[in-house]
Amino acid sequence: MQKLQNYINGELVEPISGRYIDNYDPAIGEVYSLIPDSNEEDVQQAVAAAQAAFEGWSLMPAEQRSRIMLRISALIEDNLDRLAKAESVDNGKPVSLATQVDIPRAAKNFWFYATGLGHYSSQAHAMENAAINYTLRHPLGVVGCISPWNLPLYLFSWKIAPALAAGNCVVAKPSEITPMTAYLLSEICQQAGLPKGVLNIIHGYGHKAGAAIVSHPQVKAISFTGGTKTGEAIAREAAPKFKKLSLELGGKNPNIIFADCNYEQMLETTLRSSFANQGQICLCGSRIFVEKSLYEKFKKDFVARVKDMCIGDPAVDGTHIGAVVSEPHMNKILSYIELAQQEGGTLLTGGKRHQLQGRCANGYFVEPTVVEGLSYDCRVNQEEIFGPVVTIMPFETEEEVLKYANSVQYGLSSTVWTESLNRATRLAQQIEAGIVWVNCWLLRDLRTPFGGVKASGVGREGGFDAMEFFTEPKNVCIKIN
Ligand SMILES: NC(=O)C1=CN([C@@H]2O[C@H](COP(=O)(O)OP(=O)(O)OC[C@H]3O[C@@H](n4cnc5c(N)ncnc54)[C@H](O)[C@@H]3O)[C@@H](O)[C@H]2O)C=CC1
Ligand SMILES: O=C(O)/C=C/C=C(\O)C(=O)O
């Protein structure tokens with residue numbers, strides 16, 4: 001069976017403990033590879049390697065740094081099929097999704113920051129006839145990047161690329177549930193000629209390897225994406241040590257549909273925003289609010305389209321819904337479907353584990369599920385499920401739907417469907433979320449600030465926001481005589 005290795009100081013190495021963790025293919029429910037069960041000692045070696053590499057990397061001319069990152073981007077593109085297949089096997093997502101979305105975006109993340117670093121400039125503030133201020137931005141040193149299992153290489157690279165572009169050296173940990181493409185990225189970094197120690201990839205459990213990265217005194221910042229509870233634990237550890245923190249956490253996003261919307265566009269996009277990646281994207285619109293006059297028509301058409309979706313082998317073209325990421329996660333999703341019924345909801349479609357034949361007979365598949373009849377403040381409408389489950393609810397007025405939308409502890413993204421520009425801008429102003437999509441969903445411009453409010457996180461990724469996070473400003477004030 002394939003054994004993955006840590007990537008430390010430019011070399012692929014065994015974990016010091018010699019211990020490994022089972023890695024499952026969720027579509028067949030079997031272990032197919034082993035990953036290092038790394039501990040504090042592995043992290044210590046990785047941090048030491050990163051520290052040693054920092055001077056060389058941070059002082060390297062920006063153009064040279066950029067060229068190395070562009071080579072990584074190109075190699076990801078060259079390996080598109082291999083990486084997409086690996087992502088699909090590791091995560092359960094349809095290979096078509098990994099080919100069209102996950103892997104191209106990983107390549108783009110490196111391209112975006114490799115080119116962006118050449119446009120990042122310091123600020124100057126002139127005090128009339130008194131002084132001129134200029135603000136230097138220094139890389140922080142060694143930084144930690146910790147990413148989740150839902151968009152493995154996409155989110156891993158979304159953190160690593162700006163950190164490297166800003167001149168930092170990185171110790172990164174992918175999720176232990178989906179480690180494969182991060183491992184393949186280590187091979188790509190070797191081929192691209194990334195100097196040793198600049199990026200170190202440690203595999204293993206969050207409470208062990210991840211916690212060791214967070215608590216290491218030489219790790220100056222942590223960029224984390226994952227569950228809100230884990231984000232809290234990381235903040236508890238890192239905040240008293242005055243580390244910089246960027247936390248992208250959970251969501252319970254409203255999808256607000258008015259009767260005057262472009263109906264076909266809305267219906268097609270709502271199918272995606274509900275069930276893309278088996279609903280395992282923190283931006284999915286899991287609470288669908290529909291204006292009362294459109295509710296019955298929407299319900300009929302939406303449910304019919306959901307019933308048409310193909311749940312199947314992720315390796316096969318034409319599959320819309322693949323496996324969810326793990327057996328515990330499947331059970332969590334099914335328990336929320338149970339809860340929805342206890343809370344008085346009616347299942348309009350779905351609701352069960354889906355049984356496939358043949359190769360995937362033991363895989364972790366959940367039917368795309370639509371629930372109606374729940375109140376906006378019940379647990380199912382307040383807690384993050386992170387699976388292919390949506391609720392639909394009617395509303396009558398803007399005030400009412402705004403109250404529903406803002407009733408949750410989360411505030412990541414939101415979607416508004418209307419042809420009225422006035423209404424869209426009114427709501428965009430009042431919705432408590434870091435991102436508002438009007439008549440679209442997950443339309444991404446990588447220059448824009450990305451992140452959430454309330455329990456959805458702290459800080460913003462994307463564009464120069466990420467470059468600012470990964471650098472420390474120093475103001476120099478020169479008096480003019
Ligand atoms: N992007 C998002 O919003 C995501 C949300 N979730 C939500 O979180 C729930 C739990 O999922 P998990 O797999 O447990 O995600 P998680 O948040 O625990 O895992 C994310 C990453 O954090 C690491 N980690 C865990 N504990 C850590 C610690 N104490 N210190 C440092 N690193 C640590 C993990 O190893 C992984 O690399 C899901 O059911 C879902 O609701 C999960 C993944 C992504
Ligand atoms: O940056 C994006 O385009 C998407 C990010 C998605 C997440 O952070 C997530 O699902 O966890």
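This short presentation covers the annotated span, the two ligand shells, one helix and the main nonpolar core of a predicted model.

Let me begin with the annotation. UniProt, in an unreviewed entry, lists residues 19-476 under "domain: Aldehyde dehydrogenase". In the model, that span is 41% helix and 21% strand, and its end C-alpha atoms are 50 Å apart.

I turn now to ligand 1. Its shell holds 26 residues, and the closest of them are Gly 206, Gly 210, Gly 226, Gly 227 and Cys 282. By class, 10 residues of this shell are nonpolar, 12 are polar and four are charged. Which helices contribute to the shell around ligand 1 with at least two residues each? They are helix H7 (206-215), helix H8 (228-238) and helix H11 (327-342). Of the contributions to this shell, the one from H7 is the largest share, at five residues. As for the domains, ligand 1 lies between domain 1 (2-249 + 456-479) and domain 2 (254-445), because both give residues to its shell.

Ligand 2 comes next. The residues around it include Pro 148, Asn 150, Leu 151, Leu 155 and Trp 158, and further along the chain Cys 282, Arg 444 and Phe 450. Cys 282 thus appears around ligand 2 and is also among the closest residues to ligand 1. The shell around ligand 2 is made up of eight nonpolar, two polar and two charged residues. Domain 1 (2-249 + 456-479) and domain 2 (254-445) each provide at least three residues to the shell around ligand 2.

Two of the residues just named, Leu 155 and Trp 158, are around ligand 2 and fall within helix H5, which runs over residues 152-165. H5 has 14 residues and spans 20 Å from first to last C-alpha, close to the 20 Å expected at 1.5 Å a residue. Is H5 mostly covered or mostly exposed? H5 is mostly covered, with 14 of its 14 residues buried. After H5 comes Gly 167, which has a positive phi, near 100°.

Finally, the interior. In soluble globular proteins, nonpolar side chains tend to be buried together. Here the largest nonpolar core has 140 residues, and Ala 50, Val 170, Val 171 and Ile 257 have the most contacts inside it. Helix H4 (residues 95-116) supplies the largest share of this core, 12 residues. Where does this core lie with respect to domain 1 and domain 2? Domain 1 (2-249 + 456-479) and domain 2 (254-445) both give residues to this core, so it lies between them.

Key
Residues are numbered from 1 along each chain as its sequence is written. Chains are lettered from A and ligands numbered from 1 in the order in which they are written. This is a predicted model: local features need pLDDT of at least 70, side-chain atom pairs count only at pLDDT 80 or more; totals for chains, interfaces and linings use all residues. Helices (H or I, at least four residues) and strands (E, at least two) are DSSP runs, numbered from the N terminus. The expected span of a helix is 1.5 Å times one less than its number of residues. A residue is buried if 20 or more other C-beta atoms lie within 10 Å of its own, exposed if 12 or fewer, and partly exposed in between; C-beta atoms are placed from the backbone. A residue is near a molecule or strand if its C-beta atom, placed from the backbone, lies within 6 Å of it. Ala, Val, Leu, Ile, Met, Phe, Trp, Tyr, Cys and Pro count as nonpolar, Asp, Glu, Lys and Arg as charged, and the others, Gly among them, as polar. Domain bounds come from an automatic or database domain assignment. UniProt positions are given in the numbering used here, feature names are shortened, and annotations may be inferred rather than shown by experiment. A nonpolar core is a set of buried Ala, Val, Leu, Ile, Met, Phe, Trp, Tyr and Cys residues joined through C-beta atoms within 7 Å.
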